[in-house]
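The following report introduces a protein model to a reader who has not met it before. Please look over the sequence and the structure first, and then read on.

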Amino acid sequence: MPTMIALDVSLSMRRPVPGASSTDTLPSEQLTRHHLAVQGINVLLDYLQTNCKLEFVSLVVFSSLYEVICPFTRDYDQIRSQLQNIEECDKTCIETALLGVNSIIMSEWGNSTACQVILITDGSPGVGPMSLGDSLNSLNVLRESNPFPLPFPYPGKLTVVCIAGPQDLGLITGLPLYQRLIELAGGDSMVLLPEGQLTKTSVHNCFKKLAETTYVPFQGYLKCGNLGSRILLSPPPMTYSKKADFESFTGLTLAKTMEICGFISVADVGSPSAVSRHLILPLPTDKTTSMQGISLEEESDNEDNGDDGKIPSFCVLLHGALKVENMAALCALNSDWYGFIYSWADSKKKSNLMLTILEPGTDIIPWLGNLSNLGPIELAGKNNDASFPVKPTEKRSYSQNAPSWIRQVGLQSDIQKILRHARKLPEKTQNFYKELNRLRRAALSMGFVELLEGLALIFERECTLLPPNLHPDCTIQMGHVADMLRKPYSRELKNNITPVRTKFHHGGTE
């Protein structure tokens, strides 16, 4: 989950902290709210560097405008160095900050990646027409050119950290407005305040609480028969909730033990609809006789060695096998919830073990059929077709070749096809009436009854323009169709226009 840190650099952030003790005071200047905010960001970065090394973080500062200090990066030292060179600006404008955050995240990650937005301010909502109160009061006003930035256009969580004490007048005024702001953001958004008086310790604990509640690493156990390994998923999978027409999923989470059910070719898996994708990282595993096939004597030898490269790892074995064989492992994540594990390369030299989490259910990949029916290919038998895609037993409603007139050229093409058959009558009598009734049914289904009169006029005109060397059946049949298209009989879907009998014998027509 990429993280965007938005730091308030308005003049109010440079206010000194009241009652700062001598241990809190800097040698050259008095302790300010900005100093505490920088300290809190460093606490957050230290936690990420220890527990979530793959987390992308970006730093933005804002006042009445916003500025990107550091784009999304995993180099946390670069962010720390930039924090030391931030200058104060004018007044606070929360709406501008959130508009800038949305613009940066949408250009970098799109609207499908879940992002964490941490807004750090002193609790003051600002003053004047750009204040938070003014922005929230204008929500019901038509704002076509500049819509309010919440809710986020992507799956996002907003956390507002107010660097203020409980008696701060700005916080007393602004806290209800910030509560309204997180209600607009929705989800698990929240407002955090330092507990007790505003000190280095209280701010440190506040950001530590933020890190521990927001960035909870997912650690589980990946099992395949008697082999297994403790793993870490990055980024951690989010709780799955979805409402469908006839069912709903609420608060689904991955089981701590995930078991590989079998292996299937990557070509057969294709690109199914997925909930999320995660990098699988191995963790040190307690080696027993049932894990990784290593005896207790070998365990003590490996511990003495201390070289991770020489310790057997199931994840390394699985990754190598999947990469060489070009296979994917079907993994049970929970009851009736599956995913695929495969080798994915971001370049020609480096590849990683990845997990794609599918939507809950057993019948979610049409070309594989019901996942609960999959089994060893040896059990399929010689007479059974064991290849993919699996053909559905029921006949799909869209299996019929129905016309699709998205553009004018599509309708013109269908009419020209009928006219080509008409010029080859009586040899193409069957094709002519088949295409004619197909076009007529489509027009009636769409309520496009004007097309029937238009077709009648086209056939009448064609009768006058036919060259003399064509068969007389052309004129007779097109005149008959023109008359039938104008009758109420042709307005019923169940009725078909049939050929008129003529004295010309050809293919059973007379």
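At what angle do helix α11 (residues 429–445) and helix α13 (residues 472–485) pack, and how many ångströms apart are their axes? In this model, which is predicted, the two helices pack at an angle of about 20°, and their axes are 13 Å apart. An angle under 35 degrees counts as roughly parallel, and α11 is therefore roughly parallel to α13. The crossing in which α11 passes α13 is right-handed.

The contact between these two helices is made on the α11 side by Phe432, Tyr433, Leu436 and Arg440, which meet Gln477, His480, Val481 and Leu485 of α13. Sorted by class, the residues of this contact comprise five nonpolar, two polar and one charged.

Helix α11 also packs against helix α12 (residues 450–465), where the axes come within 10 Å and cross at roughly 150°. Because of that angle, α11 is roughly antiparallel to α12. Here Phe432, Leu436, Leu439, Arg440, Ala443 and Leu444 from α11 meet Leu451, Leu452, Leu455 and Phe459 from α12. This contact of α11 with α12 contains nine nonpolar residues, one charged residue and no polar ones.

The two packings of α11 can be set out together as follows.

| Helix pair | Angle between axes | Axis separation |
|---|---|---|
| α11 and α13 | about 20° | 13 Å apart |
| α11 and α12 | roughly 150° | within 10 Å |

One residue of this helix can be followed in detail. Ala443 lies in α11, and Ala443 has a relative accessible area of 0%, so it is buried. Leaving aside residues up to four places away in sequence, Ala443 touches Trp405, Phe448, Val449 and Leu451. Leu451 is also among the residues of α12 that take part in the contact with α11. Ala443 and Leu493 are 50 residues apart along the chain, while their C-alpha atoms are separated by 9.8 Å.

For the wider setting, the protein as a whole has 13 helices and 15 strands. Of its 510 residues, 42% count as buried, and Ala443 is one of the buried residues. When contacts between residues at least 6 apart in sequence are considered, 67% of them join residues at least 24 apart. The accessible surface of the protein comes to about 28,200 Å², and carbon and sulfur atoms account for 52% of that surface.

Methods
Residues are numbered from 1 along each chain as its sequence is written. This is a predicted model: local features need pLDDT of at least 70, side-chain atom pairs count only at pLDDT 80 or more; totals for chains, interfaces and linings use all residues. Side-chain values use heavy atoms; hydrogens and water are left out. Axes are lines fitted to C-alpha atoms, for helices over the stretch in contact, and angles run from 0 to 180 degrees between N-to-C directions. Helices (H or I, at least four residues) and strands (E, at least two) are DSSP runs, numbered from the N terminus. Angles under 35 degrees count as roughly parallel, over 145 as roughly antiparallel, 65 to 115 as roughly perpendicular and the rest as oblique. A crossing is left-handed if the near helix is turned anticlockwise from the far one by less than a right angle, and right-handed if clockwise. Contact means heavy atoms within 4.5 Å. Ala, Val, Leu, Ile, Met, Phe, Trp, Tyr, Cys and Pro count as nonpolar, Asp, Glu, Lys and Arg as charged, and the others, Gly among them, as polar. Buried means under 20% relative accessible area, exposed over 50%, partly exposed in between (1.4 Å probe, protein chains only). Accessible areas come from the Shrake-Rupley method with a 1.4 Å probe; for residues, only the protein chains shown count as cover.
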